[in-house]
Amino acid sequence: DYCDVYLTHDSSSVRKAHNNGKNHIMNVRNYYAELGQDKAQAIIDEITKAYERAGQSGKIYFYMNKILYKSC
């Protein structure tokens, strides 16, 4: 939803590399910045609850902090 990029190899390593890329992180930041704070927080809360239900809450907090607070 954030990037208009076609991944030629749909493997976990390619997706992981893409998701950790500078352009993807900037696209995610811009996406949430354009939504407005209330809507963005509602989406983040929904994602966080899904990860908590799956038992992976530490991963989502690391990823969201990386996206929201990493300086480029």
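Biologist: Is Y32 buried or exposed?

Modeller: In this predicted model, the relative accessibility of Y32 is 7%. The cut-off for a buried residue is under 20%. Y32 therefore counts as buried.

Biologist: How does Y31 count at its relative accessibility?

Modeller: Y31 has a relative accessibility of 30%. Values from 20% to 50% belong to neither the buried nor the exposed class, but to the one in between. Y31 therefore counts as partly exposed.

Biologist: What is the arrangement of the rings of Y31 and Y32?

Modeller: A search of the whole structure finds one aromatic pair. In this pair, the ring centres of Y31 and Y32 are 5.1 Å apart and the ring planes stand at 85°. An angle over 60 degrees is required for one of the named classes. The pair of Y31 and Y32 is therefore edge-to-face.

Biologist: Which helix supplies the largest share of the largest nonpolar core?

Modeller: The largest nonpolar core has five residues, namely V28, Y32, A40, I43 and I44. Helices α2 and α3 each supply at least two residues of this core. The largest share, three residues, comes from α3.

Biologist: Why might nonpolar side chains be found together in a core?

Modeller: A general tendency applies here. In soluble globular proteins, nonpolar side chains tend to be buried together.

Biologist: With which residue does the side chain of H24 make a polar contact?

Modeller: H24 lies in helix α2, which covers residues 22-35. H24 is buried, with a relative accessible area of 7%. At a distance of 3.4 Å, its side chain makes a polar contact with the side chain of N19.

Biologist: What distance separates the C-alpha atoms of L7 and H18?

Modeller: L7 lies in the segment before α1, the helix of residues 12-19. Leaving aside neighbours within four places in sequence, L7 is in contact with V14, R15 and H18. L7 and H18 are eleven residues apart along the chain, and their C-alpha atoms are separated by 8.4 Å.

Biologist: Which pattern does the protein follow along the sequence?

Modeller: The secondary structure comes to four helices and zero strands. Read along the sequence, the pattern is α-α-α-α.

Biologist: What percentage of the exposed area do carbon and sulfur atoms supply?

Modeller: Of the 72 residues in the protein, 18% are buried. The protein exposes about 5700 Å², and the share of this area supplied by carbon and sulfur atoms is 50%.

How values were computed. Residues are numbered from 1 along each chain as its sequence is written. This is a predicted model: local features need pLDDT of at least 70, side-chain atom pairs count only at pLDDT 80 or more; totals for chains, interfaces and linings use all residues. Side-chain values use heavy atoms; hydrogens and water are left out. Buried means under 20% relative accessible area, exposed over 50%, partly exposed in between (1.4 Å probe, protein chains only). A polar contact is a pair of N or O atoms within 3.5 Å; within protein, one must be able to donate a hydrogen and the other to accept it, and residues adjacent in sequence count only if both atoms are side-chain atoms. A nonpolar core is a set of buried Ala, Val, Leu, Ile, Met, Phe, Trp, Tyr and Cys residues joined through side-chain atoms within 4.5 Å. Rings of Phe, Tyr and Trp (its six-membered ring) pair if their centres lie within 6.5 Å; planes under 30 degrees apart count as stacked, over 60 as edge-to-face and the rest as tilted. Accessible areas come from the Shrake-Rupley method with a 1.4 Å probe; for residues, only the protein chains shown count as cover. Contact means heavy atoms within 4.5 Å.
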